[in-house]
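Grab a coffee and work through these exercises with the model open beside you. Try each task before you read its solution.

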Amino acid sequence: MTRKIAVVGVGKLGLCFALNLERSGFEVWGIESNHDYLEQLKTRTFSSSEPEVDSLLSTAKRIQFTSDISVIVDEDIRDVFIMVATPSLPDGGYDHTQVERVMSMLEPLGSAENVRYVYVGCTTMPGYCNQLDDRVKKLGYRVSYNPEFIAQGSIVRDQLYPDQVLIGEANEEAGKRLVSIYDAMVLNTPAYCRMDPLSAEITKLATNCFLTTKISFANSIGDLATKAGADPNKILAAVGSDSRIGGKYLGYGFGFGGPCFPRDNRALGKFADLQGYPLHLSKATDVVNEEHLAFQLDQQLQASNEDEEIVFEGVAYKKGTTQITESQQLKLALALVKEGRRVKVIDRQEVLDQLSELYPGKFELVALDTIQQVRD
Ligand SMILES: NC(=O)c1ccc[n+]([C@@H]2O[C@H](COP(=O)([O-])OP(=O)(O)OC[C@H]3O[C@@H](n4cnc5c(N)ncnc54)[C@H](O)[C@@H]3O)[C@@H](O)[C@H]2O)c1
C-alpha cells in the first residue's frame, strides 16, 4: 500500500518538498491555510519562480491539497511534516506562533494508542521541538526536527541531492521513519546525521553561522586587499585552494543576505545569549557584513561621477531568485540613492513590482524581459 504523508504549509519550501515526495511514489496531502493560494494549487494554476515546480505540479497525480487538517485522521496518515513560516522576532529569536497554531489543530485529533510522527521542517529556536514533544506526547504525537538545507532558486534540486539529512529524532522509530522517507526521495547518498532534536536545532543554525562567517571573512580580506592595492580575487582563490578551507562561499562580492543566512546567524547569537554563553562570532559576522556594505558604497561613489547613472543588473539577494529580503545588492542601491545618485535596476517583473511598492520613485525600473527582447 502506498505510504501517505501530510505536509502542513505548502509555501516556498513545503510545496517543493511535497512535490518531491509525490515524485518518489508517496501519496501526499498538502495542507494549506491560505485560501486563494490553495485554490491555485488545487486547480494547478499556481506559477512559481522556483525551477521545476510548475512542471511537477502540473503532472503530479498522487498529491491533493486541502485546508482541512482532519484529513490526517480520515486518511490515517502517520507522518506529518510541518513547514509553516517562523518569522524572526525583533530580538533575533524565532516566532513559533504558526507552528503552535498547527499543533493546536492537531491536538484534538490525537490518539495515544495511534502514534503520529510530526517532523518540524521550519527553522526553530533550539529547545523548541523538545518542549513541543513533551507537551503533545501524551496526545499521541512525537515531535522531531528535520530542517532543509536548500537555497532559493534550486529548492527542488537541493532537496533531491542533499549533502546531509539532518534528523533530530524524538525516538528511534521517528528517526527510522525519516530515513526511509528520505531514502525513497533523494537521488544521491547523503550523510544521515541523526541526533536529539536540540542538537539538530543547534546544527542547523551553526551550519548557516559558519557560512556567514566564511562570507564575512572573505569580504574582509577582499576589502583589505583592495585598500592595500592587492588582488582580492587571486588572494581568495589561493586561500580557498587549500583543502582545509575550500573555495565555496569564499568569493569576493556582496555580503550575505536572503531569508535564511542573516536570520539563522542572529538566532544562534540570541540562543547563545540565553544560555549565558555569548557567541561573539555571530555578532562580529553581522558587523563585518555592514562594514563591507559601507566599503562597497565608498568604492562605488569614488568610481562614478555624480551625474552618472549607476546600473544594477539584479537586486535580488541571489541571482536567479526574486527574493529581496535582506538583499545586500538592494541595500547598496538604496544607499547610493540616499547619496543623491541615480540608480537604474534591471530585473524580473516580480522584483520590480516589489520595488515599486516598497520604494516608489527611488529607482528607474527596467524589466529584464524587455532587455532580453531588445537583445534577441
Ligand atoms: N524558503 C527557504 O528558502 C527556507 C530555507 C530554509 C528554511 N526555511 C524555513 O522553512 C519554513 C517555511 O518557510 P517558507 O519560506 O516555505 O515559508 P512560506 O511563508 O513560503 O510558507 C509557509 C506556508 O504555510 C502556510 N500556513 C501557515 N499557517 C498554516 C496553517 N495553520 N495550516 C496550513 N498552512 C499554513 C502559509 O499560508 C504558507 O503558504 C520557515 O521556518 C523557514 O525559516 C525556509
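**Exercise 1.** Work out how helix α6 and helix α9 lie relative to each other, and which residues make the contact.

*Solution.* Keep in mind that you're looking at a predicted model.
- Start with the axes: those of α6 (residues 128–136) and α9 (residues 197–228) come within 7 Å. They cross at roughly 150°.
- Now turn the angle into a description. Angles over 145 degrees count as roughly antiparallel, and α6 and α9 are therefore roughly antiparallel to each other.
- Next comes the hand of the crossing, which for α6 and α9 is right-handed.
- Then find who touches whom. From α6 you get Y128, C129 and N130, and from α9 you get P197, L198 and E201.
- Finally, sort the contact of α6 with α9 by class: 4 residues are nonpolar, 1 is polar and 1 is charged.

**Exercise 2.** Stay with α9 and describe how α9 packs with α11.

*Solution.*
- Look at the geometry: the two helices pack at an angle of about 115°, and their axes are 8 Å apart.
- Check the hand: α9 passes α11 in a left-handed crossing.
- List the partners. On the α9 side they are L205, A206, N208, C209, L211 and T212. On the α11 side you'll find F261, D264, N265, A267, L268 and F271.
- Sort the residues of this α9 and α11 contact: 8 nonpolar, 3 polar and 1 charged.

**Exercise 3.** Move on from α11 to α12 and characterise the crossing of these two helices.

*Solution.*
- Helix α11 covers residues 261–274, and helix α12 covers residues 280–303.
- Their axes come within 8 Å and cross at roughly 145°.
- The crossing of α11 and α12 is left-handed.
- In the contact, α11 brings N265, R266, L268, G269 and A272, while α12 brings S282, K283, T285 and D286.
- The class count for α11 with α12 comes out at 2 nonpolar, 4 polar and 3 charged.

**Exercise 4.** Lay out the sheet that contains β9, β10 and β11, then find the helix that packs on the sheet.

*Solution.*
- Put the 3 strands in order: β9-β10-β11, an open sheet with parallel pairing.
- Spot the edges. They are β9 (309–313) and β11 (364–367), each pairing on one side only.
- From one strand to the next, the twist averages 20°.
- Zoom in on one pair: β9 and β10 (residues 342–347) run parallel and are joined by 5 bridges. Here E309 stands opposite R342 in β10.
- Now add the helix. α13 (residues 328–338) packs on the sheet and touches β9 and β10. The direction of α13 makes about 155° with that of β10.

**Exercise 5.** How many residues surround the ligand, and which are the closest?

*Solution.*
- Count the shell: 26 residues surround the ligand.
- Pick out the closest: G9, G11, L13, N34 and C122.
- Ask which helices chip in. α1 (12–23) and α5 (97–106) each supply at least two residues of the shell.
- Sort the shell around the ligand by class, and you get 12 nonpolar, 10 polar and 4 charged residues.

Conventions. Residues numbered from 1 in each chain as written. Predicted model: local features only at pLDDT ≥ 70, side-chain atom pairs only at ≥ 80, totals over all residues. Axes fitted to C-alpha atoms, helices over the stretch in contact; angles between N-to-C directions. Helix = DSSP H or I, 4+ residues; strand = E, 2+ residues; numbered from the N terminus. Parallel < 35°, antiparallel > 145°, perpendicular 65-115°, else oblique. Left-handed = near helix turned anticlockwise from the far one by under 90°. Contact = placed C-beta atoms within 7 Å. Nonpolar A, V, L, I, M, F, W, Y, C, P; charged D, E, K, R; others polar. Near = placed C-beta within 6 Å. Pairing = 2+ DSSP bridges.
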